Amino acid sequence: MAPENRRGQPTMDLTHVRPNRVRRPMPARKRETVGIDLGTTNTVMARNFESLPMQGGGCIMPSVVAYPPSGGTLVGKAARRRRAMDPKNTIVSAKRVIGARWVSSYTSQFREHYPYDLVEGPDGWAVFNTRAGLVCPVEVGATVISGLRELTRCPVGDVHAVVTAPVGFDQQRRDATAWAVSKAKFASVRVIEEPIATALAYLNRSSLKYAFVYDLGGGTFDAAVVDCSRYPFRVIGHGGDPYLGGDDVDRTIALHVADRTLARDGWDLSNDAVTFDRLVLACELAKCELSGSEQAAIAIPSVDPAAPESCGIIPITRDEVQQLTLDLVRRTFAMCDEVLAQASLKARDIEAVFLAGGSTRLPGLRGYIESYFGKRPRVDLDPMEVVSLGASLAAARPAVSELLDPCA
Ligand SMILES: Nc1ncnc2c1ncn2[C@@H]1O[C@H](COP(=O)(O)OP(=O)(O)OP(=O)(O)O)[C@@H](O)[C@H]1O
Ligand SMILES: [Mg+2]
C-alpha cells in the first residue's frame with residue numbers, strides 16, 4: 001500500500017528517484033554580426049552601427065597587401081608604405097579585378113593603369129604573378145579582411161557578415177567578394193549593394209521616398225537613386241565610372257607639381273616611376289590637409305632626395321586643387337544627369353542626398369553638390385565609414401536584411 005501523508009493522501013516513495021535536473025532555458029547567445037565595406041582603397045568593419053577600432057588607432061585600413069623580399073605578407077598601412085619601392089609586389093586596388101575573367105574589359109583596363117604582372121590563372125581568372133607566386137584577387141581581399149579582423153580583435157568562426165558590393169558588380173563579382181569574406185573565416189556571408197547600405201545607415205531613424213547616393217571613393221565614382229519608401233529598398237537608377245576617384249585627383253595634382261618643378265628648376269619628377277609614385281603619395285597627404293587649411297606644402301627633397309636644393313617646397317592651395325579637379329567633378333555630374341534620367345526623376349524630386357567616399361571631402365565639392373540638387377547633402381555620418389555602418393545594420397537585423405538583400 002502506498003504511504004500516506006499527514007493529510008491522509010497517498011504519497012509516492014521518492015527516495016530512490018533522482019531529482020530531475022531543473023532545465024533552465026539557456027540564455028540565448030547573441031548572434032555576432034559585422035558589416036564590411038571592402039573598398040578599392042580602404043576597408044572598414046562595423047558592428048551594430050559602430051566602426052570597429054583597430055589596435056594602434058583608427059578604423060580605416062588601406063586595402064593593400066605586400067609580398068616583401070624577406071618573405072611573409074604585409075597588410076594595410078605597413079603594406080602601403082612599400083607601394084613606391086616595390087610596386088609590382090604591393091597590390092592596391094585589387095577590387096577592380098575581383099571575380100574578373102582574364103578575357104574581360106575589367107582586366108584589360110586594369111592592365112593599362114597598374115604596373116602588375118597580371119596573368120591568366122588556371123581557370124581563366126585574372127591573377128597576380130608576385131614574388132609569393134600566383135595570387136588571385138579574392139585571396140588579396142581575404143588577406144585584407146583577415147588583417148583587419150586581427151587588428152580589430154574580431155573573433156574567428158562564429159561571426160556572421162554582410163559585405164557590400166557596387167551596384168555595377170555582376171553575380172560573378174559579387175560571389176567573388178563573398179568568397180573573400182568567407183576565406184577570412186566568417187560563419188556566413190551575405191552581400192548587399194553599397195548605396196543600399198548608405199541609405200540604410202542614414203534612414204535608420206527616419207524615412208523618405210527618393211534618396212540620391214553620391215559616392216566618390218579612392219578609385220570609383222558611383223551614383224544611385226534609391227527608392228526608400230518601403231522594404232526592400234530598391235536602386236531605381238545607377239551609374240558610375242570605375243576609374244574616377246581620389247587616385248585621379250592625386251595624379252592630377254602630382255602632374256601639376258611635376259610641371260612646376262620642371263618649369264622652375266629644370267627637374268623632372270615624372271620620368272621615374274618610383275619617384276612619381278612617391279610624389280603621388282605626398283600629393284594625397286597635401287590634398288587631405290586642405291580639408292582643414294587653405295594651403296599645404298609638398299617638400300620635394302623628401303619625395304626625391306636627388307632633386308636639386310632649389311626645388312625646395314611647392315605650396316598648393318585649396319583654390320588650386322578646386323581648379324585642378326573641376327573637370328573630374330563635372331564628369332560626376334554628367335553621370336548624375338544620366339542616373340536621374342534612368343529613374344525618370346529631376347534633381348528637385350530627390351528628398352535627401354547622402355554622401356559616401358572620402359573624396360567627397362574635396363575642396364568645393366559639397367557646394368557644387370548643393371547647387372546641383374538644390375539642397376544641402378547629408379554628411380553627418382563619416383563618408384568613409386557610412387557604407388560599413390549600413391552593412392552592420394543589415395547584418396545585425398536579419399529580418400530587415402532579408403528584405404533588403406537583392407543579391408541573396
Ligand atoms: N580630406 C580629404 N580630402 C580629399 N580626399 C580625401 C580626404 N580624405 C580621404 N580622401 C580620399 O578618399 C579616398 C578614399 O575614400 P574611400 O575610403 O571612401 O574609398 P574606397 O571606398 O576604398 O574606394 P571605392 O569606393 O572607390 O571602392 C582616397 O582617394 C583619399 O585620398
Ligand atoms: Mg567606397
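User: When do two strands count as paired here?
Analyst: Two strands pair if DSSP finds at least two bridges between them. Helices (H or I, at least four residues) and strands (E, at least two) are DSSP runs, numbered from the N terminus.

User: OK. What kind of model is this?
Analyst: This is a predicted model, in which local features need pLDDT of at least 70 and side-chain atom pairs count only at pLDDT 80 or more, while totals for chains, interfaces and linings use all residues. Residues are numbered from 1 along each chain as its sequence is written, and chains are lettered from A and ligands numbered from 1 in the order in which they are written.

User: And what is the average pLDDT?
Analyst: The protein chain averages 89, where pLDDT is the predictor's confidence in each residue, from 0 to 100. A score of at least 70 is reached by 90% of the residues.

User: Where does it stay under 50?
Analyst: Residues 1–20 stay under 50, and the model has nine contacts for them beyond four places in sequence. Residues 401–408 are also below 50, with 23 contacts beyond near neighbours in sequence. Two residues are in contact if their C-beta atoms, placed from the backbone, lie within 7 Å.

User: How many helices and strands are there?
Analyst: The protein chain has 13 helices and 18 strands.

User: Back to pairing. What does strand 13 do?
Analyst: Strand 13 (residues 210–216) pairs with strand 14 in the antiparallel sense over seven bridges. Tyr-214 stands opposite Ala-223 in strand 14. A hairpin of four residues joins strand 13 to strand 14.

User: What comes after strand 14?
Analyst: A hairpin through six residues leads from strand 14 to strand 15. Strand 14 and strand 15 (residues 234–241) pair in the antiparallel sense over seven bridges, and Phe-221 has Asp-241 as its bridge partner in strand 15.

User: Is strand 14 mostly covered or mostly uncovered?
Analyst: Mostly covered: six of the seven residues in strand 14 (221–227) are buried. A residue is buried if 20 or more other C-beta atoms lie within 10 Å of its own, exposed if 12 or fewer, and partly exposed in between, with C-beta atoms placed from the backbone.

User: What about strands 5, 6 and 7?
Analyst: They form an open sheet in the order 6-5-7, with antiparallel pairing. Strand 6 (74–75) and strand 7 (90–91) are at the edges with a single partner strand each, so one side of each has no neighbour in the sheet. Two bridges join strand 5 (residues 65–66) to strand 7, and Val-65 is opposite Ile-91.

User: Switching to ligand 1. What surrounds it?
Analyst: The shell has 22 residues, and the closest are Gly-39, Thr-40, Gly-217, Gly-246 and Gly-358. A residue is near a molecule or strand if its C-beta atom, placed from the backbone, lies within 6 Å of it.

User: Which helices supply the shell?
Analyst: Helix 6 (246–265) and helix 7 (273–289) each give at least two residues. The largest share, three residues, comes from helix 7.

User: Does helix 6 have the expected length, and why or why not? What span should it have?
Analyst: Its 20 residues should span 28 Å at 1.5 Å a residue, and the end C-alpha atoms are 28 Å apart, which agrees. The expected span is 1.5 Å times one less than the number of residues.

User: Which of its residues are buried, and what covers them?
Analyst: The buried residues of helix 6 include Gly-246, Asp-247 and Val-249. Their cover includes helix 7, strand 16 (295–299) and helix 10 (326–342).
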